[in-house]
Amino acid sequence: MTIASDDPRVAAAAAPPPSVPPAPATAARRRRSRLTRNRWGYAYVAPFFLLFAAFSLYPFLYTAYISLHDVRLSDLDGAVFVGFGNYTELLQDEFFWNAARNTLTIGILSTVPQLAIALGLAHLLNYRLRGRTFFRVAMLMPYATSIAAATLVFAQLFGHDYGLINTLLEAVGFDRIDWESGSWTSQIAISVIVTWRWTGYNALIYLAAMQAIPNDLYEAATLDGASRWKQFVHVTIPALRPTILFTIVVSTIGAVQLFGEPLLFSGNGMTNGGVSNQYQTLGLLMYDQGWTNFRLGQAAATAWTMFLIILVVVGVYGLIARRRARAER
Amino acid sequence: MATVTFDSATRIYPKSDRPAVDGLDLQIGDGEFLVLVGPSGCGKSTSLRMLAGLEEIDAGSIRIGDRDVTDAPPKDRDIAMVFQNYALYPHMTVEQNMGFALKIAGVPKSEIATRVAEAAKILDLEDYLGRRPKALSGGQRQRVAMGRAIVRSPQVFLMDEPLSNLDAKLRVQTRTQIAALQRRLGVTTVYVTHDQVEAMTMGDRVAVLKDGLLQQCDTPGTLYERPANTFVAGFIGSPAMNVITGPVVDGGVRLAGAVLPVPRERLLRAAGDGGRVTVGFRPEAVELAPEGVPVVVNVVEQLGSDAFLYATLGASDDGDVLHTADLVVRTEPRSAPAVGETVHLRVREGGLHVFDPVSQQRID
Ligand SMILES: Nc1ncnc2c1ncn2[C@@H]1O[C@H](COP(=O)(O)OP(=O)(O)OP(=O)(O)O)[C@@H](O)[C@H]1O
Ligand SMILES: [Mg+2]
């Protein structure tokens, strides 16, 4: 943060006075003078930190505080301290484990195909392709579509009686499927929605990273006899590894927090994850605890548990990545 | 090992109205080291990439040995290429980089290891086999790139300015190493450079290109002694040959009032057009004399072993100098004249080149 220190006026203003005081005071003084010298730098970044404090840090800490109390939505001031009671209760709650399992399966069902398809799409787009701009825009469309609109359309596609998918299934001789009521089928359907929304976004990130790979690497690989597929495996994927890790982290965070798609999937936006909670995610569970049962402390504990899950998972990715990087050195 | 033949090979890039390589005809012998040289943008890289199969051939054909490879994909041509930026695979070790082509070809692991070890020994890379390109110096990377080509023992080596990323001293060193290595392996090699010194020192033969057209292809000695046209004359040799056009008079060409003698029969053939002739002489083919073409010395460059005079033709008011290029003259360092002095030049016996002033072609 030395943005401003190049400014001659500021530098002049911050220049030390002619009479230098004796030793002990100088360190503190130097620190203070560095602060003043950099004050414009701090001023420029301040808005971000103010917003961060107000809208991220405060809610974050406040949630932690609430999670240690028994709080009802109707009576925010009547909080009773319960220690880790909310957490122990959560860990003994079969709904929590059900929701955690659903979140995991939906997470895997959506993240893996999503990233794999994105990688393939980016690879195709990376070749000299006609109408590349068109495809790029097209790929961003799902991302730009509102969750609600998208999910409602998909809910109709997956509808039992009039849904397009069942109609097609029937046309090729299969039975209709009651997508919403089955456990696997509902989770697959939700994963399809998530994949549809996020594939293009990830593909664009991959595409940007691919375009940074020097072309002569591919030419060298071509001369070395590598087929396109081998080039993809031996040139593209290794160069993309950091990017892939990044998208995995981002998708994992998204998957743990999955909320909108399952909420709207039933078509009325009122569900808490199906009649037998077959597609209740952690996000839905938290919503249920806080806004249906009005138990804010419990909901806050769930929120913090989700956060910790994310931390652990991302930490594990980080460890794996570091170990790989070290093995490669 | 094999011969390489370019047969009127032409490349026109899409959206370009002029061929980047125009009807290139070249026969490269088995085991020969051929250097493609020319100014930037003359089509050297394009020619090389056409041979590699990285660039389409729009007309004509290319043969490796007896096989027409015009439409063959790169991997079926059995060639290896050293790229200007080396194009080493960044995430693979030196060993993996060198063995990659063999691995793709399904060569057994033990054989890959022996061949890589052999190449590493030749190139003095044995201590670096486990490192990644990032952790190597420029010269080491260059050697890995060479190693990657050697390991495959291909029919033809292609190199596109492989030394341009090295510092001057290393470049001179590596230049001799590559030339020696090529002679030892005896693999047909096509080498691209824009540096005529590199071309002259390394090549068995040198092909000079300009604007996609082959100007001359011959041994370094012949290029130097008998350049086919004024472009080759000016391009080969350092400092460049002096090339001047002037009016024909009896017995020679008039330059700054004096007459530079030109053999009669060559003069007659050159003077078809308006009584002018283009002559060329190298800096080292001139000597200072009491009589001769007067020049004014502008700069004296002392190199220790030689001195170079940068001079302009002496004053003349009869318009007999058609382009007033600077002349360069080599002299003994001790007897070099002072700046501002007027000296007289004489071309040594056999040091004069004569060109047609219109077609720019050599006249013998
Ligand atoms: N991909 C391309 N598309 C269109 N024109 C190109 C392309 N590559 C090269 N050219 C043109 O073809 C001509 C020859 O290019 P080439 O790269 O062969 O030159 P070069 O002799 O290797 O020059 P340098 O010494 O600068 O590398 C140039 O005029 C260049 O502008
Ligand atoms: Mg080039």
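A residue counts as near a molecule if one of its heavy atoms lies within 4 Å of it. I'm keeping that cut-off in mind for ligand 1, and I'm noting that this is a predicted model.

**Entry: around ligand 1**

I looked up which residues surround ligand 1. I found B:Y13, B:A20 and B:E161, plus B:S40, B:G41, B:C42, B:G43, B:K44, B:S45 and B:T46. Sorted by kind, this shell has three nonpolar, five polar and two charged residues.

Next I checked some N and O distances. The side chain of B:T46 has an N or O atom 2.4 Å from an oxygen atom of ligand 1. For B:G41, I had to look at the backbone: an N or O atom there sits 2.8 Å from a ligand 1 oxygen. With B:Y13, the partner is a nitrogen atom of ligand 1, 3.3 Å from an N or O atom in the side chain. I also looked up how much of the ligand gets covered: ligand 1 taken alone exposes 630 Å², and the protein buries 58% of that.

**Entry: the two domains of chain B**

I see chain B assigned to domain 1 (4-234) and domain 2 (239-363). Their centres, taken over C-alpha atoms, are 38 Å apart. Ten residues from domain 1 and eleven residues from domain 2 take part in the contact.

What area is buried between domain 1 and domain 2 of chain B? I got about 890 Å², with carbon and sulfur atoms giving 48% of it. On the domain 1 side, B:Y224, B:T230 and B:A233 supply 52% of the area buried against domain 2, more than any other three residues.

Last check: I counted zero salt bridges between these domains, but five residue pairs in polar contact.

Definitions and conventions:
Residues are numbered from 1 along each chain as its sequence is written. Chains are lettered from A and ligands numbered from 1 in the order in which they are written. This is a predicted model: local features need pLDDT of at least 70, side-chain atom pairs count only at pLDDT 80 or more; totals for chains, interfaces and linings use all residues. Side-chain values use heavy atoms; hydrogens and water are left out. A polar contact is a pair of N or O atoms within 3.5 Å; within protein, one must be able to donate a hydrogen and the other to accept it, and residues adjacent in sequence count only if both atoms are side-chain atoms. Accessible areas come from the Shrake-Rupley method with a 1.4 Å probe; for residues, only the protein chains shown count as cover. Ala, Val, Leu, Ile, Met, Phe, Trp, Tyr, Cys and Pro count as nonpolar, Asp, Glu, Lys and Arg as charged, and the others, Gly among them, as polar. Domain bounds come from an automatic or database domain assignment. Contact means heavy atoms within 4.5 Å. Buried area is the accessible area (1.4 Å probe) that two parts lose on being put together, summed over both. A salt bridge is a side-chain nitrogen of Lys or Arg within 4 Å of a carboxyl oxygen of Asp or Glu.
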